[in-house]
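Please open the model in your viewer and keep the selection panel at hand. The tour below proceeds from one selection to the next.

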Amino acid sequence: MKKLKTVVVEDERLPRLSLLAKLEDFRHSVEVVDACDNYDSARMSILHHRPDLLFLDIQLHGRDSMQLLEELKQTIPLPYVIFTTAYSDRKYLLSAIKLSAIDYLLKPIDKGELAHAIAKAAGRAVAEMPTAAAMTEKLSFRSVNGRIFVAADDIAYVKADGNYACICTFHGQDMVLENLLVLEQRLPAGSFVRVDRSTIVNLPRVYRLNIQQHSCIMLSPDGRELRLEITRNGIEKLMEVMG
(Lines give C-alpha, C1' and ligand atoms only; values in the text may rest on other atoms or scores of the structure.)
Protein backbone atom coordinates (compact mmCIF):
# COMPACT_ATOMS: atom_id res chain seq x y z
CA MET A 1 0.00 0.00 0.00
CA LYS A 2 1.20 3.55 -0.74
CA LYS A 3 2.10 5.89 2.10
CA LEU A 4 -0.63 8.07 3.59
CA LYS A 5 -0.05 11.66 2.48
CA THR A 6 -0.20 13.59 5.75
CA VAL A 7 -0.64 17.18 6.93
CA VAL A 8 0.05 18.17 10.55
CA VAL A 9 -1.85 21.12 12.02
CA GLU A 10 -0.62 22.27 15.44
CA ASP A 11 -0.47 25.91 16.57
CA GLU A 12 2.22 25.43 19.25
CA ARG A 13 5.80 25.07 18.05
CA LEU A 14 7.15 22.49 20.51
CA PRO A 15 4.21 20.04 20.27
CA ARG A 16 4.35 20.42 16.47
CA LEU A 17 8.06 19.62 16.34
CA SER A 18 7.57 16.75 18.79
CA LEU A 19 4.83 15.17 16.66
CA LEU A 20 6.85 15.61 13.46
CA ALA A 21 9.83 13.92 15.12
CA LYS A 22 7.69 10.99 16.25
CA LEU A 23 6.18 10.63 12.78
CA GLU A 24 9.69 10.11 11.40
CA ASP A 25 9.55 6.63 12.93
CA PHE A 26 6.45 5.89 10.83
CA ARG A 27 7.78 7.11 7.48
CA HIS A 28 7.14 3.65 6.01
CA SER A 29 3.41 4.38 6.49
CA VAL A 30 3.02 8.17 6.33
CA GLU A 31 4.52 10.93 4.22
CA VAL A 32 4.28 14.36 5.86
CA VAL A 33 3.79 16.93 3.09
CA ASP A 34 3.17 20.00 5.25
CA ALA A 35 2.95 21.28 8.83
CA CYS A 36 0.76 24.30 9.63
CA ASP A 37 0.40 26.50 12.70
CA ASN A 38 -2.87 28.35 12.10
CA TYR A 39 -6.40 28.01 10.73
CA ASP A 40 -5.91 29.83 7.42
CA SER A 41 -2.65 28.16 6.42
CA ALA A 42 -4.13 24.78 7.34
CA ARG A 43 -7.17 25.39 5.14
CA MET A 44 -5.03 26.38 2.15
CA SER A 45 -2.64 23.47 2.65
CA ILE A 46 -5.39 20.87 2.91
CA LEU A 47 -7.15 22.18 -0.19
CA HIS A 48 -3.83 22.17 -2.07
CA HIS A 49 -2.40 18.82 -0.96
CA ARG A 50 -5.66 16.85 -0.52
CA PRO A 51 -4.01 14.69 2.19
CA ASP A 52 -5.09 11.16 3.08
CA LEU A 53 -4.44 11.79 6.78
CA LEU A 54 -4.72 14.91 8.93
CA PHE A 55 -3.35 15.42 12.45
CA LEU A 56 -5.47 18.29 13.73
CA ASP A 57 -5.19 20.30 16.94
CA ILE A 58 -8.63 20.95 18.42
CA GLN A 59 -8.00 24.67 19.02
CA LEU A 60 -6.03 26.85 16.59
CA HIS A 61 -5.21 30.17 18.27
CA GLY A 62 -8.75 30.34 19.62
CA ARG A 63 -10.43 29.14 16.42
CA ASP A 64 -12.33 25.86 16.41
CA SER A 65 -10.90 23.17 14.14
CA MET A 66 -14.36 21.59 13.93
CA GLN A 67 -15.41 24.68 11.98
CA LEU A 68 -12.43 24.14 9.67
CA LEU A 69 -13.57 20.60 8.89
CA GLU A 70 -17.16 21.71 8.32
CA GLU A 71 -15.87 24.34 5.89
CA LEU A 72 -13.61 21.89 4.04
CA LYS A 73 -16.39 19.32 3.85
CA GLN A 74 -18.32 21.63 1.51
CA THR A 75 -15.50 21.47 -1.06
CA ILE A 76 -13.60 18.20 -0.75
CA PRO A 77 -14.05 14.76 0.84
CA LEU A 78 -12.46 14.96 4.28
CA PRO A 79 -9.20 13.09 4.91
CA TYR A 80 -8.86 10.64 7.78
CA VAL A 81 -8.61 12.83 10.89
CA ILE A 82 -6.65 12.21 14.08
CA PHE A 83 -7.42 14.95 16.61
CA THR A 84 -4.77 16.10 19.06
CA THR A 85 -5.51 18.08 22.22
CA ALA A 86 -4.12 18.91 25.65
CA TYR A 87 -7.53 18.44 27.26
CA SER A 88 -9.84 15.47 27.65
CA ASP A 89 -12.97 17.40 26.73
CA ARG A 90 -16.17 15.38 26.31
CA LYS A 91 -17.71 17.99 23.98
CA TYR A 92 -14.82 17.72 21.54
CA LEU A 93 -14.72 13.95 21.84
CA LEU A 94 -18.38 13.74 20.82
CA SER A 95 -17.73 16.13 17.92
CA ALA A 96 -14.79 13.98 16.82
CA ILE A 97 -16.97 10.87 16.87
CA LYS A 98 -19.64 12.69 14.84
CA LEU A 99 -17.03 13.54 12.19
CA SER A 100 -15.89 9.89 12.09
CA ALA A 101 -12.40 10.74 13.32
CA ILE A 102 -9.85 7.94 13.31
CA ASP A 103 -8.67 8.74 16.82
CA TYR A 104 -8.38 11.39 19.56
CA LEU A 105 -4.88 11.73 21.08
CA LEU A 106 -4.00 13.60 24.25
CA LYS A 107 -0.81 15.69 24.33
CA PRO A 108 1.95 14.91 25.00
CA ILE A 109 1.26 12.19 22.47
CA ASP A 110 2.26 8.71 23.52
CA LYS A 111 4.18 6.90 20.79
CA GLY A 112 2.28 3.66 21.31
CA GLU A 113 -1.06 5.44 20.97
CA LEU A 114 0.27 7.22 17.89
CA ALA A 115 1.23 3.88 16.33
CA HIS A 116 -2.23 2.52 17.07
CA ALA A 117 -3.93 5.56 15.48
CA ILE A 118 -1.77 5.36 12.33
CA ALA A 119 -2.48 1.63 12.05
CA LYS A 120 -6.22 2.36 12.23
CA ALA A 121 -5.92 4.97 9.48
CA ALA A 122 -3.92 2.58 7.28
CA GLY A 123 -6.47 -0.15 7.92
CA ARG A 124 -9.33 2.16 6.96
CA ALA A 125 -7.50 3.11 3.75
CA VAL A 126 -7.02 -0.54 2.77
CA ALA A 127 -10.66 -1.35 3.53
CA GLU A 128 -11.85 1.54 1.37
CA MET A 129 -9.64 0.78 -1.64
CA PRO A 130 -11.79 0.06 -4.70
CA THR A 131 -12.07 -3.61 -5.60
CA ALA A 132 -12.30 -5.01 -9.10
CA ALA A 133 -16.01 -5.59 -8.48
CA ALA A 134 -16.48 -1.94 -7.50
CA MET A 135 -14.81 -0.80 -10.71
CA THR A 136 -16.87 -3.04 -13.00
CA GLU A 137 -20.24 -2.68 -11.27
CA LYS A 138 -22.44 -0.26 -13.20
CA LEU A 139 -23.34 3.03 -11.57
CA SER A 140 -26.57 4.88 -12.23
CA PHE A 141 -26.55 8.63 -12.99
CA ARG A 142 -29.46 11.00 -13.59
CA SER A 143 -29.43 12.49 -17.08
CA VAL A 144 -31.58 15.04 -18.89
CA ASN A 145 -33.81 12.34 -20.41
CA GLY A 146 -33.69 9.70 -17.70
CA ARG A 147 -30.71 7.67 -16.48
CA ILE A 148 -27.42 6.33 -17.80
CA PHE A 149 -25.59 3.26 -16.50
CA VAL A 150 -21.80 3.22 -16.65
CA ALA A 151 -19.13 1.01 -15.05
CA ALA A 152 -16.57 3.06 -13.14
CA ASP A 153 -13.75 1.43 -15.09
CA ASP A 154 -15.24 2.72 -18.36
CA ILE A 155 -15.09 6.35 -17.20
CA ALA A 156 -11.97 8.18 -18.39
CA TYR A 157 -12.68 11.49 -16.66
CA VAL A 158 -15.45 13.77 -15.41
CA LYS A 159 -15.70 17.51 -16.12
CA ALA A 160 -17.77 20.08 -14.27
CA ASP A 161 -20.38 21.92 -16.33
CA GLY A 162 -21.98 24.57 -14.14
CA ASN A 163 -24.13 22.81 -11.53
CA TYR A 164 -23.92 19.57 -13.52
CA ALA A 165 -21.13 17.43 -14.92
CA CYS A 166 -20.08 15.62 -18.08
CA ILE A 167 -19.03 11.98 -17.76
CA CYS A 168 -16.55 11.09 -20.50
CA THR A 169 -15.96 7.47 -21.50
CA PHE A 170 -13.95 6.05 -24.39
CA HIS A 171 -17.24 5.75 -26.32
CA GLY A 172 -18.58 9.27 -25.85
CA GLN A 173 -19.87 11.62 -23.20
CA ASP A 174 -23.08 12.30 -21.30
CA MET A 175 -24.33 15.21 -19.25
CA VAL A 176 -25.51 14.14 -15.78
CA LEU A 177 -27.60 16.10 -13.31
CA GLU A 178 -25.13 15.82 -10.45
CA ASN A 179 -22.34 18.22 -9.50
CA LEU A 180 -18.66 17.37 -9.29
CA LEU A 181 -18.59 17.13 -5.49
CA VAL A 182 -21.39 14.55 -5.46
CA LEU A 183 -19.69 12.51 -8.19
CA GLU A 184 -16.34 12.69 -6.37
CA GLN A 185 -17.98 11.05 -3.37
CA ARG A 186 -19.76 8.41 -5.44
CA LEU A 187 -16.86 7.23 -7.60
CA PRO A 188 -14.42 4.67 -6.11
CA ALA A 189 -11.85 6.51 -3.98
CA GLY A 190 -8.25 5.76 -4.80
CA SER A 191 -8.91 5.26 -8.51
CA PHE A 192 -10.71 8.55 -9.11
CA VAL A 193 -8.94 11.75 -8.05
CA ARG A 194 -10.07 15.36 -8.38
CA VAL A 195 -7.02 17.02 -9.90
CA ASP A 196 -8.37 20.57 -10.14
CA ARG A 197 -11.57 22.51 -9.51
CA SER A 198 -13.35 21.10 -12.56
CA THR A 199 -11.84 17.67 -13.33
CA ILE A 200 -11.92 14.17 -11.86
CA VAL A 201 -9.56 11.65 -13.50
CA ASN A 202 -9.54 7.84 -13.49
CA LEU A 203 -5.89 7.29 -12.48
CA PRO A 204 -5.53 3.71 -13.83
CA ARG A 205 -6.45 5.04 -17.28
CA VAL A 206 -3.72 7.74 -17.34
CA TYR A 207 -1.11 6.81 -19.97
CA ARG A 208 0.90 9.94 -20.78
CA LEU A 209 1.22 13.49 -19.45
CA ASN A 210 2.36 16.42 -21.57
CA ILE A 211 3.45 19.22 -19.26
CA GLN A 212 4.05 21.80 -21.99
CA GLN A 213 0.70 21.26 -23.71
CA HIS A 214 -1.19 20.78 -20.43
CA SER A 215 -2.70 17.55 -21.69
CA CYS A 216 -3.20 13.99 -20.55
CA ILE A 217 -3.58 10.87 -22.71
CA MET A 218 -6.00 8.29 -21.31
CA LEU A 219 -5.79 4.67 -22.49
CA SER A 220 -8.80 2.34 -22.63
CA PRO A 221 -8.53 -1.39 -21.73
CA ASP A 222 -8.57 -2.23 -25.46
CA GLY A 223 -5.85 0.31 -26.34
CA ARG A 224 -7.86 3.34 -27.55
CA GLU A 225 -6.46 6.75 -26.67
CA LEU A 226 -8.40 9.75 -25.43
CA ARG A 227 -6.86 13.21 -25.02
CA LEU A 228 -7.81 15.39 -22.08
CA GLU A 229 -6.83 19.05 -21.90
CA ILE A 230 -6.16 19.99 -18.33
CA THR A 231 -5.04 22.97 -16.26
CA ARG A 232 -1.49 23.46 -15.07
CA ASN A 233 -2.65 22.71 -11.52
CA GLY A 234 -4.26 19.53 -12.82
CA ILE A 235 -1.05 18.39 -14.49
CA GLU A 236 0.94 19.13 -11.32
CA LYS A 237 -1.58 17.19 -9.21
CA LEU A 238 -1.41 14.21 -11.58
CA MET A 239 2.39 14.30 -11.55
CA GLU A 240 2.26 14.29 -7.76
CA VAL A 241 -0.19 11.42 -7.30
CA MET A 242 1.22 9.30 -10.11
CA GLY A 243 4.72 9.57 -8.65
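Begin by selecting α8, residues 232–242, which gives the lining of the second largest pocket its largest share, four residues; helices here are DSSP runs of H or I with at least four residues, and strands are E runs of at least two, both numbered from the N terminus. The model is a predicted one, in which local features need pLDDT of at least 70 and side-chain atom pairs count only at pLDDT 80 or more, while totals for chains, interfaces and linings use all residues. Residues are numbered from 1 along each chain as its sequence is written, and side-chain values use heavy atoms, with hydrogens and water left out.

A pocket is an open set of points on a 1 Å grid over the protein atoms alone, where a 1.4 Å probe fits, with protein on both sides within 12 Å along at least five of seven lines, and its lining residues have an atom within 4 Å of a point. The second largest pocket has a volume of about 400 Å³, the volume being the space filled by probe spheres set on the points, which are joined across faces, edges and corners. Show Leu 47, His 48, Arg 50, Val 195 and Asp 196, which are the closest to the pocket centre among its 14 lining residues. Besides α8, the elements that give two or more residues to this lining are α2 and β13 (192–196).

Keep α8 selected and add β15 and β16, across which this helix lies, running at about 130° to β15; such angles run from 0 to 180 degrees between N-to-C directions of lines fitted to C-alpha atoms, for helices over the stretch in contact, where contact means heavy atoms within 4.5 Å. These strands belong to an open, antiparallel sheet of three strands in the order β15-β16-β17, pairing being assigned where DSSP finds at least two bridges between two strands. β15 (206–210) and β17 (225–229) each have a single partner strand, so one side of each is left without a neighbour in the sheet. Four bridges connect β15 with β16 (residues 215–219), and Asn 210 has Ser 215 as its bridge partner.

Next, select the open sheet of five strands, whose parallel order is β2-β1-β3-β6-β7. Its edge strands, β2 (30–36) and β7 (103–106), pair on one side only. Between β1 and β3 there are four bridges, and Val 8 has Phe 55 of β3 as its bridge partner. Now add two helices: α3 lies across β3 and β6 at about 145° to β3, whereas α5 (residues 111–127) lies across all five strands, β1, β2, β3, β6 and β7, at about 165° to β7.

Which residues touch the most other members of the largest nonpolar core? In this core of 19 residues they are Val 9, Ile 46, Leu 54, Leu 56, Leu 68, Leu 69 and Phe 83; a nonpolar core is a set of buried Ala, Val, Leu, Ile, Met, Phe, Trp, Tyr and Cys residues joined through side-chain atoms within 4.5 Å, and buried means under 20% relative accessible area (1.4 Å probe, protein chains only). The largest share of this core, four residues, comes from α3. Centre the view on Ile 46, which touches Val 7, Pro 51, Leu 54, Leu 68, Leu 72 and Ile 76, leaving aside residues up to four places away in sequence.

Finish with β8 (residues 138–143), where Leu 139, Phe 141 and Ser 143 point to one face and are buried, while Lys 138, Ser 140 and Arg 142 point to the other and are not.

Key
Buried means under 20% relative accessible area, exposed over 50%, partly exposed in between (1.4 Å probe, protein chains only).
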